[in-house]
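Good morning, and thank you for the opportunity to speak. Please have the structure open in front of you as I go through it.

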Amino acid sequence: PKGSARKKVTDEIVASQDKISELTEAESLELLAIQSKYIKLRKPLYEARAGKIAKCRGFWGHVLCNTPALRHAITPADVPVLRFLQVLRVDFLSDDRPELGYSITFEFSDDPSSGLHPIVWVQKVISFSEDGEATITVKTEPKDANVGNHVEGATFMQWLLSSDEEDLEVADVILEDVWRTPLVYYEEGEV
């Protein structure tokens with residue numbers, strides 16, 4: 001008798017927990033739908049902002065160098081390279097499913113006389129599997145760009161060209177902080 005009473009209570013708890021899980025899943029789906037809606041609404045605003053930022057030479061390099069959470073990742077050797085950063089853009093891999101990941105695109109001015117960096121374009125793609133496992137791929141233009149082409153000791157540039165899944169911290173700071181509110185760091189002091 002005691003065993004069957006315990007089983008009955010356990011079954012009732014399981015049924016309650018199943019309802020809680022269903023509700024949590026429904027909440028997650030609704031939150032994703034809301035997030036997706038606002039990603040789409042912000043996209044043209046980010047594009048308009050990019051046009052204005054393009055008028056400020058060295059904007060993104062200045063912002064990155066002044067972001068406190070990135071100071072550990074940016075060395076003095078990175079600073080001259082980052083001065084040529086003209087475009088920084090974040091895109092979700094799917095506007096409808098932002099949890100799948102995002103890409104961060106960096107476009108550098110093409111100034112061969114500088115001798116500082118041969119890379120014109122780098123895209124770092126961070127994607128997540130259903131179980132939350134991260135995969136990072138890096139695309140460059142020209143395709144043969146590598147860390148060896150950069151100034152020795154340029155930690156940020158090494159991170160940028162790395163596909164190491166262990167180092168998502170810098171990407172997260174760019175996604176969550178730098179991309180959303182860059183003006184805060186642009187208005188900081190000189191680099």
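I shall begin with the chain as a whole and then turn to its sheet.

Please note that what you see is a predicted model. The chain has 191 residues, and 34% of them are buried. Its accessible surface comes to about 11500 Å², and carbon and sulfur atoms account for 56% of that area.

Which secondary structure elements does the chain contain? There are six helices and four strands. Read from the N terminus, their order is α-α-α-β-β-β-β-α-α-α. As for contacts with a separation of 6 or more, 59% of them join residues that are 24 or more positions apart.

Let us now consider the sheet. Strands of a sheet pair through backbone hydrogen bonds, in either a parallel or an antiparallel manner. Here, the four strands make an open sheet, arranged S1-S2-S3-S4, with antiparallel pairing. Strand S1, residues 85-92, and strand S4, residues 134-141, stand at the edges; each has a single partner strand, so one side of each is left without a neighbour in the sheet. On average, neighbouring strands are turned by 10° against each other, direction ignored.

Between the edges, strand S2 (residues 101-108) pairs with strand S3 (residues 121-128) in the antiparallel sense, over seven bridges. To find one particular bridge, please locate Phe-106, whose partner in S3 is Val-122.

Finally, which helix packs on the sheet? That is helix H5, residues 169-178, which touches S1, S2 and S3. The direction of H5 makes about 90° with that of S2.

Thank you for your attention.

Conventions
Residues numbered from 1 in each chain as written. Predicted model: local features only at pLDDT ≥ 70, side-chain atom pairs only at ≥ 80, totals over all residues. Heavy atoms only, no water. Helix = DSSP H or I, 4+ residues; strand = E, 2+ residues; numbered from the N terminus. Buried < 20%, exposed > 50% of the residue type's maximum accessible area, 1.4 Å probe, protein only. Contact = heavy atoms within 4.5 Å. Areas by Shrake-Rupley, 256 points an atom, 1.4 Å probe, with all protein chains shown as cover. Pairing = 2+ DSSP bridges. Axes fitted to C-alpha atoms, helices over the stretch in contact; angles between N-to-C directions.
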